[in-house]
Amino acid sequence: MKPTSPLWYLTAFFIALGGAVISIIVAAGAWDPVREASVTPIGERVDGTGKSIAVYTDIVQADRDVTCRATGPGKKVTPIPEAKLALTVDDGSDQWHLIGMLNEGSKGQLITCTPKDRRVDDATYTYAAVTGFASKANTAKGISILTTAIGIGLAGYTFWCRRQQRLATHSPATDT
């Protein structure tokens, strides 16, 4: 059976849409370990092998540009990108706000955070080595890409089948 009904286009759309919804759910679940992390004060070396590094602060300073860096044992400096999501973590009586997220950490990294204006900084910074964040985020991307490709493929195949059907019914051999 070839997909020649126009409803197959709707089916292709719902496959892509369903995949997007599932990937959003999986991506949201990737943030769970970041929410539930137990924080460690900055100043201690991180064993981030196979883990993501989440950086938190106790004072949100929206008016200041705070940059965080991870310095490896070989003095390689890796800038930590700003967090794409505003999360708050309760650790005992303290409340920490996510400010940076490094998808792939390495062994022996030292995390430092400083404001670019070099003024006195009253904020305290902490980090957490989080397991599973990058793999769940990549799984969500994979689901989204795969289901979108399947939806586009089905829509293209439907178009081709409908085109072939139209050409077969309007061929010069049948018009005589």
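Guide: Buried means under 20% relative accessible area, exposed over 50%, partly exposed in between (1.4 Å probe, protein chains only). This is a predicted model, where local features need pLDDT of at least 70 and side-chain atom pairs count only at pLDDT 80 or more, while totals for chains, interfaces and linings use all residues. Residues are numbered from 1 along each chain as its sequence is written, and side-chain values use heavy atoms, with hydrogens and water left out.

Visitor: Which residues of α1 are buried?
Guide: Helices (H or I, at least four residues) and strands (E, at least two) are DSSP runs, numbered from the N terminus. Cover for the buried residues of α1 includes α2 (32-35) and α3 (133-169), by contact (heavy atoms within 4.5 Å). The buried ones are A12, G19, S23, G29 and A30.

Visitor: How far apart are the end C-alpha atoms of helix α1?
Guide: The expected span is 1.5 Å times one less than the number of residues. Helix α1 has 24 residues (7-30), so it should span 34 Å. The model agrees, with its end C-alpha atoms at 35 Å.

Visitor: What kind of aromatic pair do W31 and F133 make?
Guide: Rings of Phe, Tyr and Trp (its six-membered ring) pair if their centres lie within 6.5 Å; planes under 30 degrees apart count as stacked, over 60 as edge-to-face and the rest as tilted. The structure holds 3 aromatic pairs. In this one the centres are 4.7 Å apart and the planes stand at 65°, so the pair is edge-to-face.

Visitor: How many residues apart are W31 and F133?
Guide: W31 counts as buried because its relative accessibility is 14%. F133 is buried too, at 7%. The pair links distant parts of the chain: W31 sits in the loop between α1 and α2, F133 in helix α3, and they are 102 residues apart.

Visitor: Which element gives the most residues to the largest nonpolar core?
Guide: A nonpolar core is a set of buried Ala, Val, Leu, Ile, Met, Phe, Trp, Tyr and Cys residues joined through side-chain atoms within 4.5 Å. The largest has 16 residues, with W31, V34, A54, Y56, L98, V130 and F133 having the most contacts inside it. Two or more residues come from each of β3 (52-57), β7 (94-102) and β9 (125-130). The top contributor, with 3 residues, is β7.

Visitor: Which residue stands opposite D91?
Guide: Strand β6 (88-91) and β7 pair in the antiparallel sense over 4 bridges; pairing needs at least two DSSP bridges. They form a hairpin with 2 residues between them, and G92 in the turn has a positive phi of about 70°. Opposite D91, in β7, is D94.
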